[in-house]
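I opened this notebook to record what I looked up in one protein structure. The entries run from the whole chain to single residues.

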Amino acid sequence: MKKFSLLFTALFTAGLLHAQDSLTIRKIYDEALLNGKAYENLHYLCKDIGPRLSGSANAQKAVEWSKKLMEGYGFDKVYLQEVMVPHWVRGAKETAFIIDGNTRIPVPIAALGMSVATPVQGITANVVEVRSLKELETLGETVIKGKIVFFNRPFDPRFIEAGEAYGNAGDQRFAGPAAAAKYGAVGVIVRSLTESIDDYPHTGATLADKDTKSIPAAAISTKAANKLSNMLRLRKLPLVKFYFKQSCQTLPDVLSYNVIGEITGTENPNKFISVGGHLDSWDLAEGAHDDGTGVMQAAEVLRLLKATGYKPKNSVRAVFFMNEENGHRGGTKYAELAAQNKEKHIAAIETDEGGFTPRGFSFDGVSADFLKNINNKYKALLEPYEVDRLVQGGSGTDIEPMKAKLPGVVLIGYRPDSQRYFDVHHSPNDVFENVNKRELQLGAAGMAALIYLIDQHGL
Ligand SMILES: [Zn+2]
């Protein structure tokens, strides 16, 4: 009988806890859907500030405005964290032509971030199309030397998660230009990393090789890539040539900042749960989905917790990282300082996959048992809000450095629907108009709910 009553008390308490959790989460969602601020804040960030590449005047404006925004919400601490960032500038708008005999067909390109310029008169050369770095290696210097290498492997449409298709094609942009330079190429053109067939080049950073002299590299729109590929096939070399001109350059590093807001924990002020995205964005548009939505959601998470009267036991931080796009310096600095200050980080969430319909969260490097446990504890509470896919997977570039510096931290990626992100990613279409208010607010509420649960019941 005693055993029975103990069991009964335990079940009863668990039921009450569950009911309390349900109520709190409902409150968070009500606040997000009735009084949400992320969408109007994003409007300001996109339309009144605009593109915010690291080192730019706009990035500095975004830092100052973000700090004011979070101060206005009355968080316990709001501060800047110094970080030196690269300062790459695009210069004049690029020009490019496919040259077919006497015909010049203009095509849309955009210099890849961190690329070098062409000579002022531009570069004209024959084109070698390849589908992979492996193919480049097979062709070797005899074929590549003096040519423009054209990386043209499209997204593989069989991936269900669009991010995986991006990851699968991405080496062409990250590593292709440096690899081609080794074989004596004079320039590189990379098919835009998107499945969308359109006229917009999608930029993004490329990585230099410290032992090889860098060559100019640009992204070409998918439509133009298809056209160039067809012409190469029909006409064969040397009839078809390519011309491009760009004047980008890397200036000296600039002092910039991560922007941090905090609600200090009532029981464990030196234990942290963070949520963040990156404040910097590419220069071709407004950095709406990448990653204006992420930073505005992060601030909104703290605002939601505060507005619903929740007082977290552990400190909760919103981190606006600087320089995710072309250097990862903000994320690296944050992890370094957290380790130096002996902060104990319980969990870090990154939201950098667009402000689309929430699906769930992925947990970086956790065991099957951990995942099972987390699903047992939290899935039923998140399921009514359709943010209950709790899976193994990646987290985010900005929080990645925490793995080495802060042992024990659980890194979590916020996972919205992925299908449309790469339509706009790093392109002139990444504008406020492509963000949906409800999707954005639901995402912020989902992250606030998870942070509440972690704060209450751990991982
Ligand atoms: Zn991003």
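The entries below follow the order in which I consulted the model.

**Entry 1: the whole chain**

I noted at the outset that this is a predicted model. I counted the secondary structure elements and recorded 14 helices and 16 strands. I then looked up the radius of gyration, which is 24 Å, close to the 23 Å that the globule rule gives for 459 residues, so the chain is as compact as a globular protein of that length. Along the principal axes, I found that the C-alpha trace spans about 90 × 45 × 40 Å.

I next asked what share of the residues count as buried. The figure is 56% of the 459 residues. For the surface, I recorded an exposed area of about 19,300 Å², of which carbon and sulfur atoms supply 55%. I also looked at contacts with a separation of 6 or more, and 83% of them are between residues 24 or more positions apart.

**Entry 2: a pair of helices**

Two packed helices are described by the angle between their axes and the distance between the axes. I therefore looked up both values for helix α11 (residues 368–382) and helix α14 (residues 437–457): the axes come within 11 Å and cross at roughly 145 degrees. I recorded the crossing as right-handed.

Which residues meet at this crossing? From α11, I listed Lys-377, Tyr-378, Leu-381 and Leu-382. From α14, I listed Ala-449, Leu-450, Leu-453, Ile-454 and His-457. I sorted the residues of this contact into seven nonpolar, one polar and one charged.

**Entry 3: two buried residues**

I located Ala-335 in helix α10 (residues 329–340). Is Ala-335 buried or exposed? Its relative accessibility is 0%, so Ala-335 counts as buried. Leaving aside neighbours within four places in sequence, I found Ala-335 in contact with Pro-401, Met-402, Lys-405 and Leu-406. I also compared Ala-335 with Glu-82: the two are 253 residues apart in sequence and 13 Å apart in space, C-alpha to C-alpha.

I then turned to Thr-212, which is found in the loop between β7 (187–191) and β8 (217–220). Its relative accessibility is 18%; the cut-off for buried is under 20%, so Thr-212 counts as buried. With neighbours within four places in sequence again left aside, Thr-212 is in contact with Ala-178, Ala-181 and Lys-182.

**Entry 4: backbone exceptions**

Most residues other than glycine have a negative phi, and most peptide bonds are trans. I searched for departures from both patterns.

Where does the chain have a cis peptide bond? I found one joining Asp-290 and Asp-291, with omega at about 0 degrees. I placed Asp-291 in helix α9 (residues 288–307).

For phi, I noted Lys-342, which has a positive value of about 55 degrees although it is not a glycine. Lys-342 is found in the loop between α10 and β13 (344–350). With a relative accessible area of 66%, Lys-342 is exposed.

I noted His-426 as well, with a positive phi near 60 degrees in a residue other than glycine. His-426 is found in the loop between α13 (421–424) and α14. Is His-426 buried or exposed? At 5% relative accessibility, His-426 counts as buried. I closed the entry with this pair: Lys-342 is exposed, whereas His-426 is buried.

Methods. Residues are numbered from 1 along each chain as its sequence is written. This is a predicted model: local features need pLDDT of at least 70, side-chain atom pairs count only at pLDDT 80 or more; totals for chains, interfaces and linings use all residues. Side-chain values use heavy atoms; hydrogens and water are left out. Axes are lines fitted to C-alpha atoms, for helices over the stretch in contact, and angles run from 0 to 180 degrees between N-to-C directions. Helices (H or I, at least four residues) and strands (E, at least two) are DSSP runs, numbered from the N terminus. A crossing is left-handed if the near helix is turned anticlockwise from the far one by less than a right angle, and right-handed if clockwise. Contact means heavy atoms within 4.5 Å. Ala, Val, Leu, Ile, Met, Phe, Trp, Tyr, Cys and Pro count as nonpolar, Asp, Glu, Lys and Arg as charged, and the others, Gly among them, as polar. The radius of gyration is taken over C-alpha atoms; the globule rule is 2.2 Å times the number of residues to the power 0.38. Buried means under 20% relative accessible area, exposed over 50%, partly exposed in between (1.4 Å probe, protein chains only). Accessible areas come from the Shrake-Rupley method with a 1.4 Å probe; for residues, only the protein chains shown count as cover.
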